[in-house]
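Reader: I should be grateful for a close look at one helix of this model and at the parts that surround it. Please set out its contacts residue by residue, and then place them within the wider structure.

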Amino acid sequence: MTDGTAAPSTGVEDEEDRFRKSLGETTRSFLAAQRALIRTVSDDGVVLVDAIERLAAGGKKMRPLLCYWGWRAAGGAAEDAGVVIAGMSLELFQAAALVHDDIIDRSDLRRGAPSVHKQFEKHHDDGGWHLDAERFGAGAAILAGDLCLSLSEEAFASVPGSPERIAGARAIFNRMRTEVMAGQYLDLLEEAVGPGRDPGEATERALSIVRFKSAKYSTEHPLCIGGALAGAPASLLAGYSAFALPLGEAFQLRDDLLGVYGDPAVTGKPAGDDLREGKRTVLVAKALKAAGNDQAELLNAGLGRDGLSEDDIRRLRDIIDATGAREEVELLIEERARAGYEALEALPLDAVCREALYSLADAAVTRVA
């Protein structure tokens with residue numbers, strides 16, 4: 001058993017730097033071609049690709065990196081264009097999910113900058129255009145997200161490889177997309193039904209959302225897609241899943257804590273944003289289950305309410321803290337992380353791949369943004 005605190009070696013860092021550089025160059029080239037295609041329709045449409053490129057340029061690239069190390073650990077070569085294209089496809093899928101998620105959640109900020117729908121809303125305001133700026137912003141962002149989904153599929157369809165390996169990776173990629181959409185709907189449904197749900201069952205429903213909306217597509221599926229592209233046997237893919245799924249759940253549970261307690265200067269999102277959005281997370285589910293009647297009433301009344309002030313957010317946090325829910329979620333994160341590290345120890349990996357995956361696991365579990 002290890003606590004996963006090994007620092008990455010220079011070899012791992014150099015290899016990841018080369019991959020990130022190739023990923024960036026490939027993405028810019030791919031989007032430049034899309035920009036040129038849109039110009040044959042109208043120069044006005046180029047802003048859709050511009051918004052995608054700005055969003056895809058940010059982030060930590062965790063999903064492409066997991067895809068890369070899944071590939072490498074299954075025997076794939078370090079310098080290979082195919083795994084870079086697969087990583088680009090995953091990053092474009094992530095960007096599309098973020099665009100749509102921010103519309104659904106009415107989030108004004110993403111990574112410290114205006115969300116895509118707010119960028120388009122500003123275009124409308126700056127141009128002094130006709131009709132409603134907010135409606136225009138949301139509509140344009142939906143189109144940008146749809147285009148990003150389409151480009152993710154186009155990129156994945158161009159990944160080179162043997163038909164058998166491509167078919168295996170394609171099956172995981174297709175499943176990933178369907179699971180995310182279903183998980184996103186469950187998240188939306190949970191917010192809408194809200195207090196009408198039985199608090200005793202809320203934690204299991206929230207954990208199901210964690211698994212299918214985020215955990216599988218954040219860690220398990222990217223790692224397995226990389227492995228499948230390199231021809232990993234079923235036993236190795238099963239080992240990947242045993243490691244990556246609890247890691248992905250820990251990653252999302254950490255995200256849930258950051259959505260309530262995170263520092264806006266670090267997370268790039270307003271303090272308590274999940275409370276303003278009315279998210280029915282595992283944290284909230286555990287708080288409601290342990291809360292007294294008055295506490296539960298106040299928490300239910302505050303979740304998702306328009307115009308929550310900083311003082312309102314502090315009061316809701318105080319209720320959650322009083323129930324012990326925060327500590328319970330930290331214990332869940334620790335439990336999932338431990339399961340992931342134990343599964344990683346059992347994987348037949350070389351020293352470089354093992355060290356790289358430990359580093360990614362640590363970053364996912366201990367992150368502050």
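**A helix and its surroundings**

Author: Leaving aside residues up to four places away in sequence, Lys216 is in contact with Glu179, Arg211, His221, Pro222 and Leu245. The model is a predicted one. Lys216 belongs to helix H8, and its relative accessible area is 10%, so this lysine is buried.

The neighbouring residue, Tyr217, leads to the aromatic contacts. A search of the whole structure finds six aromatic pairs. In one of them Phe93 and Tyr217 meet edge-to-face, with 5.6 Å from centre to centre and 80 degrees between the planes. Because Phe93 lies in helix H4 and Tyr217 in helix H8, the pair ties together parts that are 124 residues apart in sequence. Phe93 and Tyr217 are both buried.

Helix H8, which spans residues 199–229, also packs against helix H3, residues 62–73. Their axes lie 6 Å apart and make an angle of about 35 degrees, and the crossing is right-handed. On the H3 side the contact is made by Met62, Arg63, Leu66, Cys67, Trp69, Gly70 and Trp71. On the H8 side it is made by Tyr217, Ser218, Thr219, Pro222, Leu223, Ile225, Gly226, Gly227 and Leu229. Sorted by class, the contact of H3 with H8 comprises 10 nonpolar, five polar and one charged residues. Tyr217 thus takes part in the contact with H3 and in the pair with Phe93, while Pro222 meets H3 and also touches Lys216. Trp69 of H3 has aromatic partners as well: with Phe19 and Tyr68 it forms one aromatic cluster.

The loop that precedes H3 deserves a remark on its backbone. Most residues other than glycine have a negative phi. Lys61, however, has a positive phi, near 65 degrees. This lysine is placed in the loop between helix H2 (46–57) and H3, and it counts as buried because its relative accessibility is 13%. A second positive phi, of about 60 degrees, occurs at Arg106, which is not a glycine either. Arg106 lies in the loop between H4 and strand S1 (109–110). In contrast to Lys61, which is buried, Arg106 is exposed, with a relative accessible area of 52%.

The wider setting is the nonpolar interior. In soluble globular proteins, nonpolar side chains tend to be buried together. Here the largest nonpolar core has 106 residues, and Trp69, Ile225, Phe243, Ile320 and Leu357 have the most contacts inside it. The helix that gives the most to this core is H4 (residues 81–105), with 14 residues. Two of the core residues just named, Trp69 and Ile225, also belong to the contact of H3 with H8. Phe243 extends the picture: beyond its neighbours within four places in sequence, it is in contact with Leu223, Gly340, Ala343, Leu344, Leu347, Leu357 and Ala361. Of these, Leu223 is a residue of H8 that meets H3.

Ile320 leads to another part of the chain. Apart from residues up to four places away in sequence, Ala287 touches Leu299, Ile320, Thr323 and Ala325. Ala287 lies in helix H12 (residues 282–290) and is buried, at a relative accessible area of 0%. From Ala287 to Thr323 there are 36 residues in sequence and 5.5 Å in space, C-alpha to C-alpha.

Key:
Residues numbered from 1 in each chain as written. Predicted model: local features only at pLDDT ≥ 70, side-chain atom pairs only at ≥ 80, totals over all residues. Heavy atoms only, no water. Core = buried A, V, L, I, M, F, W, Y, C linked by side-chain atoms within 4.5 Å. Buried < 20%, exposed > 50% of the residue type's maximum accessible area, 1.4 Å probe, protein only. Helix = DSSP H or I, 4+ residues; strand = E, 2+ residues; numbered from the N terminus. Contact = heavy atoms within 4.5 Å. Axes fitted to C-alpha atoms, helices over the stretch in contact; angles between N-to-C directions. Left-handed = near helix turned anticlockwise from the far one by under 90°. Nonpolar A, V, L, I, M, F, W, Y, C, P; charged D, E, K, R; others polar. Phe/Tyr/Trp six-rings, centres within 6.5 Å; stacked < 30°, edge-to-face > 60°.
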